[in-house]
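Work through the two exercises below. Try each one on the model before reading its solution.

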Amino acid sequence: MSLTRRQTAAALLALPLALSATPALAHGGGGGGRPRPRTLHIAGDSTAAQKYAGAAPETGWGMALPFFFGRALTVANHAVNGRSSKSFIDEGRLTALLDGVRPGDLVLIQFGHNDEKTEDPARGTDPYTTYQEYLRQYVKGARARRAEPVLITPVERRRFAEDGTAKPTHGEYPAAMRALAAEEGVTLLDMQALSLARWQELGPVGTEAYFNWLEPGESPNYPDGKQDNTHFRPDGAVDVARATARALLDERVLAPRDLRRLDDPVPAAWITWPQA
C-alpha cells in the first residue's frame, strides 16, 4: 500500500508511548550478548489508547497493562482514539507498528467500536468482508516478522436493559473476529464476552465507577460532568487490563513467570496522565 506524505507524517507523529512494567532484562538476545525485552504491541482504538492530562480521568486499558507484566516484558501502545481496523492501516499506523516488531514479540489487535460506524467511509467496515480482510493484514504482518498475533474482541460498552441485564453492543463484529481467528489459527481473547459478564456482575450502579461517569465539578477537565459509557476511568482500565493479562495466561500465550499481580490490588492512583 502506498502512503501519501501526510499519512506517513501522521504515522511518524503517532509513534507510541512505550511503557515498561519494570526495567526489563529480557527475552532473547541482542548484540554483544545483551538481552532485550519481549514487547507487546497494541493496535487498537480509544478504549486501549494512552490518555493525556487533558483527558484525565479517562484511561485506556493499555495504560494499565504493564502493571501485570514482569521484568522481561514491555508494552508499546500504538492504539489511537477513533481508529478502526481500516483507518489504522490507511493512516500508515500498522506500518509504523510493524517497523518496531521483532521475532518473539506479540501483536495484540483489538478493533470494532469504530468499524461499526458504517456511515463513515473512512472507518466503517462490514463484519464478514472488509473487517476480516483488514484484520488479516495485521495477522500476516505480525507473522511475517516472526511475532505472534493475538486477536481481541472489542471490550463491551456499558449498556443495560430495563431489567438490569447487560446488553451486547457490537453486533456481528465479535463473531466475525472469532470466525477469522479459527480460520487463521490465531489466538483469540474474547474480551467482549468476558467484559459483558463482568458488567453483568457489577450491575448498572457498580459499573459507573468503571466508566468515565463524572459529576459536575468532579474533574476540571469535565466541569459539567460526563456520562460516558464507552471509555474507562482507572478502575475500569485496570480491571480490563487484568482480564487481558489473565486471558493471555489462560491461552498459554504467556507463562506464569511473565506475569504478576493477577490477584493483587492495583491502586487507581498508579495511573498517571502525561502532558500531550
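The exercises cover a pocket and a helix pair.

The model is predicted, so local features need pLDDT of at least 70 and side-chain atom pairs pLDDT 80 or more, while totals for chains, interfaces and linings use all residues. Numbering starts from 1 along each chain as its sequence is written, and side-chain values use heavy atoms, without hydrogens and water.

**Exercise 1.** Find the volume of the largest pocket and describe its lining.

*Step 1.* The volume is about 270 Å³. A pocket is an open set of 1 Å grid points, with room for a 1.4 Å probe and protein on both sides within 12 Å along at least five of seven lines. Volume is the space filled by probe spheres on these points, joined across faces, edges and corners.

*Step 2.* There are 17 lining residues, each with an atom within 4 Å of a point. Closest to the centre are Met191, Leu194, Arg242, Ala243 and Arg246.

*Step 3.* Sort the lining: 8 nonpolar, 1 polar and 8 charged.

*Step 4.* α8 (234–250) gives the most, with 7 residues. β6 (187–189) and α7 (191–206) each supply at least two. Helices are DSSP runs of H or I with at least four residues, strands runs of E with at least two.

**Exercise 2.** Describe how α7 and α8 pack.

*Step 1.* Their angle is about 135°, with axes 11 Å apart. This makes α7 oblique to α8 (neither under 35, over 145 nor 65 to 115 degrees).

*Step 2.* List the contacts (heavy atoms within 4.5 Å). Met191, Arg198 and Trp199 of α7 meet Asp239, Val240, Ala243 and Thr244 of α8.

*Step 3.* Sort these residues: 4 nonpolar, 1 polar and 2 charged.

Terms used
Ala, Val, Leu, Ile, Met, Phe, Trp, Tyr, Cys and Pro count as nonpolar, Asp, Glu, Lys and Arg as charged, and the others, Gly among them, as polar. Axes are lines fitted to C-alpha atoms, for helices over the stretch in contact, and angles run from 0 to 180 degrees between N-to-C directions.
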